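Notebook open, structure on screen. I'm jotting down what I look up as I go.

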Amino acid sequence: MARLVTEWVNVKGDISIIARESGEVWFHAPGGTEENVDPFAIPMTGMGSAGSTIGLLDGAINLGFAGIEKRLARPDPTIAGYIVALAGAYHTSVDTPRNLRRAASRFKELGRPEVAAYLEERAREETGHDRLALKDLRALGVPGERLVANFIPEGIKPLCKRFDDLCIQDYPMGCIGYSYCLERIAALKQETDIEKVQTMCPDDVDATRFLRSHSSLGSEATHVEETIEFVASLPANDRIRVVQETYESALILAEGYNHELLKSEAEMLEELEQALGEALPYRHSSYTLHGEKRGARPAA
Ligand SMILES: [Fe+2]
Ligand SMILES: [Fe+2]
């Protein structure tokens with residue numbers, strides 16, 4: 001019987017992730033004694049497998065989020081919060097095709113046509129996603145172009161910068177880890193999450209195009225599966241790089257999202273209205289939901 005593949009990656013000084021093809025995952029503190037050599041103290045060099053790669057990648061995301069678990073904001077959804085999220089979605093999508101193509105041409109120069117082809121395919125698939133967010137904003141009566149021209153949610157800025165920086169590196173393998181992190185988290189969204197947003201929006205308004213496409217119902221689930229297969233096929237040093245960046249991106253994403261979620265509805269409204277130079281069509285005290293007036297925090 002063939003031996004199961006075991007993969008491991010040191011993501012920060014005192015923590016490595018170990019994953020087996022069977023799906024088991026451990027967090028491991030590297031170290032050994034004179035009698036016992038730690039086999040995971042040196043970087044892995046073997047082949048990958050889809051089962052172990054998914055364990056490493058998702059382990060990296062879990063570890064990135066673990067640091068904020070106790071501080072995690074869990075606000076009730078509001079229209080203001082959703083508009084902020086759509087502005088963030090626009091900014092994390094608008095440069096994606098250009099950035100991925102830049103990384104792809106670098107891999108062509110490096111004699112890695114298979115990585116270039118994978119990134120070009122991703123760039124094609126991600127094209128137009130920024131426009132979904134703009135359409136959703138418009139559906140809510142918000143002048144989307146004006147809003148995004150004047151407003152990037154504070155917590156989203158470091159994330160956008162990270163992706164820009166990764167894609168112009170001499171060896172831009174990390175951009176795959178960043179993309180995996182964002183897509184994997186999006187793919188966790190279920191139909192009920194979309195229904196919650198729809199309940200919050202006025203009747204006859206379809207403002208969930210971006211959300212649907214970036215959820216388990218849309219293309220994100222397939223993107224995640226394809227990325228796992230692709231990463232598993234890479235040489236060990238590339239898999240290590242991708243997993244390390246998945247962890248770094250998860251840290252940035254967790255902090256950034258939490259920063260936004262911790263804001264009060266009044267703060268968000270203030271920011272949005274300042275960027276727009278006018279009042280939003282939906283203020284907490286005045287918007288109508290399914291024919292009746294509701295309070296500031298619609299029930300989830
Ligand atoms: Fe997308
Ligand atoms: Fe995607």
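**Entry 1: glutamate 126.** I started by looking up how buried glutamate 126 is. This is a predicted model, and in it glutamate 126 has a relative accessibility of 9%, so it counts as buried. Next I asked which atoms hold the iron ion (ligand 1). I found Glu126 (OE), His129 (ND1) and His214 (NE2), at 2.1 to 2.2 Å. Along the chain, those donors follow the spacing E-x2-H-x84-H. I checked histidine 129 as well, and it is buried, with a relative accessible area of 8%.

**Entry 2: the other iron.** How far apart are the iron ion (ligand 1) and the iron ion (ligand 2)? I get 3.7 Å, and glutamate 126 coordinates both. Then I listed the protein donors of the iron ion (ligand 2): Glu126 (OE), Glu183 (OE), Glu220 (OE) and His223 (ND1), lying 2.0 to 2.3 Å from the ion. Their spacing in sequence reads E-x56-E-x36-E-x2-H. I wanted a neat geometry label here and didn't get one. The 4 donor atoms around the iron ion (ligand 2) subtend angles of 87 to 162°, so the arrangement is irregular. To be tetrahedral, all angles would have to lie between 85 and 135 degrees.

I also looked up where two of these donors sit. Glutamate 126 is in helix H4 and glutamate 220 in helix H11, 94 residues apart, so I noted that the pair links distant parts of the chain. Buried or exposed, these two glutamates? Both glutamate 126 and glutamate 220 are buried.

**Entry 3: helix H5.** Histidine 129 made me look at helix H5 (residues 129-139), where His129 is one of the buried residues. The others on that list are Asp130, Leu132, Ala133, Leu134, Asp136 and Leu137. What covers them? The cover includes helix H2 (79-94), H4, helix H6 (144-150) and helix H10 (209-213). Just after H5, I found glycine 141 with a positive phi of about 80°.

**Entry 4: another positive phi.** I had to remind myself that most residues other than glycine have a negative phi. Aspartate 204 has a positive one, near 65°, and it isn't a glycine. Aspartate 204 is in the loop between helix H9 (191-200) and H10. Its relative accessibility is 83%, so aspartate 204 counts as exposed.

**Entry 5: aromatic pairs.** How many aromatic pairs does a search of the whole structure find? The search gives 4. One is tryptophan 8 with phenylalanine 40, an edge-to-face pair with 5.1 Å centre to centre and 80° between the planes. Tryptophan 8 lies in strand S1 (residues 6-12), and phenylalanine 40 in the loop between strand S3 (25-28) and helix H1 (50-66), so the pair ties together parts that are 32 residues apart in sequence. Tryptophan 8 is buried, with a relative accessible area of 16%. Phenylalanine 40, at 21%, counts as partly exposed, because buried means under 20%.

Then I looked at tyrosine 118 and phenylalanine 230. Their ring centres are 4.1 Å apart and their planes are at 0°, so this pair is stacked. Tyrosine 118 is in helix H4 (residues 113-126) and phenylalanine 230 in helix H11 (residues 220-233), 112 residues apart, so that's another link between distant parts of the chain. Tyrosine 118 is buried at 11% relative accessibility, and phenylalanine 230 is buried at 12%.

**Entry 6: nonpolar cores.** Which residues touch the most other members of the largest nonpolar core? That core has 47 residues, and the answer is Val11, Val115, Leu119, Cys175, Ile176 and Val243. A second, separate core has 32 residues, including Ile83, Ala207, Leu211 and Leu280. I followed up leucine 119. Leaving aside its neighbours within four places in sequence, leucine 119 is in contact with Leu100, Ala103, Ala104, Phe107, Cys175 and Ile176.

**Entry 7: cysteines.** Cysteine 175 turned up in that contact list, and I went looking for disulfides. The structure holds 0. For cysteine 175, the nearest cysteine sulfur is that of cysteine 167, 4.3 Å away. A disulfide needs the two sulfurs within 2.5 Å, so this pair doesn't qualify. Cysteine 175 is buried, at 0% relative accessibility. I looked up cysteine 201 too, and it is also buried, with a relative accessible area of 1%.

How values were computed
Residues numbered from 1 in each chain as written. Chains lettered and ligands numbered in written order. Predicted model: local features only at pLDDT ≥ 70, side-chain atom pairs only at ≥ 80, totals over all residues. Heavy atoms only, no water. Buried < 20%, exposed > 50% of the residue type's maximum accessible area, 1.4 Å probe, protein only. Phe/Tyr/Trp six-rings, centres within 6.5 Å; stacked < 30°, edge-to-face > 60°. Helix = DSSP H or I, 4+ residues; strand = E, 2+ residues; numbered from the N terminus. Contact = heavy atoms within 4.5 Å. Donors = N, O, S within 2.8 Å, 3.2 Å for Na, K, Ca; no water. Tetrahedral: all angles 85-135°; square planar, octahedral: opposite > 155°, others 65-115°. Core = buried A, V, L, I, M, F, W, Y, C linked by side-chain atoms within 4.5 Å.
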